[in-house]
Amino acid sequence: MHKSPHPYPFLEVQNVCDDLVREIVRGYKPGIDLRVSDDSPPNMIVGARVAMGSNVRSGIPTVHIYLREWVMAFYGMCNQDELLFETTFVLAFLHELTHLALGLVPQHDVPLDPEEMYVSEEIVCAKTCEIMELFVGAGRQLLPTDQAFHDAWIKCGRNKDTVSWKDFVGKRYSKNKS
Ligand SMILES: [Zn+2]
């Protein structure tokens, strides 16, 4: 068997992905739509994390991938580190799938209000942090922004209902909002 010098938790990540897609298909009959776009993320995609977002467009759960933003992310925040880019991309994608699987996305082409957004991120980021632990366990590095989420998650005892977790997520998202 080929052994990668930089292990990627393929099986675990695929299982998480399968579970999320199953949940999305159960909740929304039309399945899922992936949109790869050359534009910049519009403001209405409130769930945007790094260069990806999700919403329900005319009843269809949709993940938007902003390709140009990802190219900039490779040269910018990932500093051309291929492994870091890979980890960041997969985490962002699974983050958006989690929004859709839990129904915590803008519905009917209307953005979430700020309060709804905080609550959705408290829940979805907690799940993303669980997924991060798969990568950390495989020896992968995280972006400093993702690392901060991971650290806050460990610090609050992996409990999304704690005040410290809610505070952390609230601050993160209000800072990025305006
Ligand atoms: Zn989100």
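Two helices count as roughly parallel when the angle between them is under 35 degrees. Keep that cut-off in mind as we walk through this predicted model.

**Stop 1: α1 beside α3**

Select α1 (10–27) and α3 (82–101). Two packed helices are described by the angle between their axes and the distance between the axes. Here the angle is about 30 degrees, and the axes lie 8 Å apart. What does that make α1 and α3 to each other? They are roughly parallel, because the angle is under the cut-off of 35 degrees. Turn the view so that one helix lies in front of the other: α1 passes α3 in a left-handed crossing.

Now show the residues that make this contact. From α1, pick Val-13, Val-16, Cys-17, Leu-20, Val-21, Glu-23 and Ile-24. From α3, pick Val-90, Leu-94, Leu-97, Thr-98, Leu-100 and Ala-101.

**Stop 2: along α3**

Stay on α3 and check its length. Its 20 residues should span 28 Å at 1.5 Å a residue, and the C-alpha atoms at its ends are indeed 28 Å apart. Next, colour its buried residues, which include Thr-87, Leu-91, Leu-94, His-95, Leu-97 and Thr-98. Which elements do the buried residues of α3 pack against? Show α1, β2 (52–57), β3 (60–66), α2 (67–75), α4 and α5 to see them.

Then step past the end of the helix. α3 is followed by Gly-103, where phi is positive, near 70 degrees.

**Stop 3: α3 against α4**

Add α4 (114–137) to your selection. α3 and α4 pack at an angle of about 140 degrees, and their axes are 9 Å apart. This pair is therefore oblique, and its crossing is right-handed. On the α3 side, select Thr-87, Leu-91, Leu-94, His-95, Thr-98 and His-99. Their partners on α4 are Ser-120, Val-124, Lys-127, Thr-128, Ile-131, Met-132 and Phe-135.

Look again at Leu-94 and Thr-98 of α3: they belong to the contact with α1 and also to the contact with α4.

**Stop 4: the two sides of α5**

Move on to α5, residues 144–155. This helix has twelve residues and reaches 16 Å from its first C-alpha to its last, close to the 16 Å expected. Colour Asp-146, Phe-149 and Trp-153, which are buried. Where do they sit around the helix? Look down the axis of α5: the buried residues fall within an arc of 55 degrees, so they line one face. An α-helix has 3.6 residues a turn, so residues three or four places apart point the same way.

Follow that buried face outwards, and you will find α3 and α4 packed against it. Now spin the helix around. On the other side of α5, Pro-144, Ile-154 and Lys-155 are exposed.

**Stop 5: positive phi in the loops**

Just after α5, select Gly-157, with a positive phi of about 70 degrees. Arg-158 is in the loop between α5 and α6 (163–177). Arg-158 is not a glycine, yet its phi is positive too, near 55 degrees. Because 13 other C-beta atoms lie within 10 Å, Arg-158 is partly exposed.

For the last selection, go back to the loop between α2 and α3 and find Gln-80. This residue other than glycine has a positive phi near 60 degrees. Is Gln-80 buried or exposed? Gln-80 counts as exposed, because it has 9 C-beta neighbours inside 10 Å.

Definitions and conventions: Residues are numbered from 1 along each chain as its sequence is written. This is a predicted model: local features need pLDDT of at least 70, side-chain atom pairs count only at pLDDT 80 or more; totals for chains, interfaces and linings use all residues. Helices (H or I, at least four residues) and strands (E, at least two) are DSSP runs, numbered from the N terminus. The expected span of a helix is 1.5 Å times one less than its number of residues. A residue is buried if 20 or more other C-beta atoms lie within 10 Å of its own, exposed if 12 or fewer, and partly exposed in between; C-beta atoms are placed from the backbone. The arc is that of the directions from the helix axis to the C-beta atoms. Two residues are in contact if their C-beta atoms, placed from the backbone, lie within 7 Å. Axes are lines fitted to C-alpha atoms, for helices over the stretch in contact, and angles run from 0 to 180 degrees between N-to-C directions. Angles under 35 degrees count as roughly parallel, over 145 as roughly antiparallel, 65 to 115 as roughly perpendicular and the rest as oblique. A crossing is left-handed if the near helix is turned anticlockwise from the far one by less than a right angle, and right-handed if clockwise.
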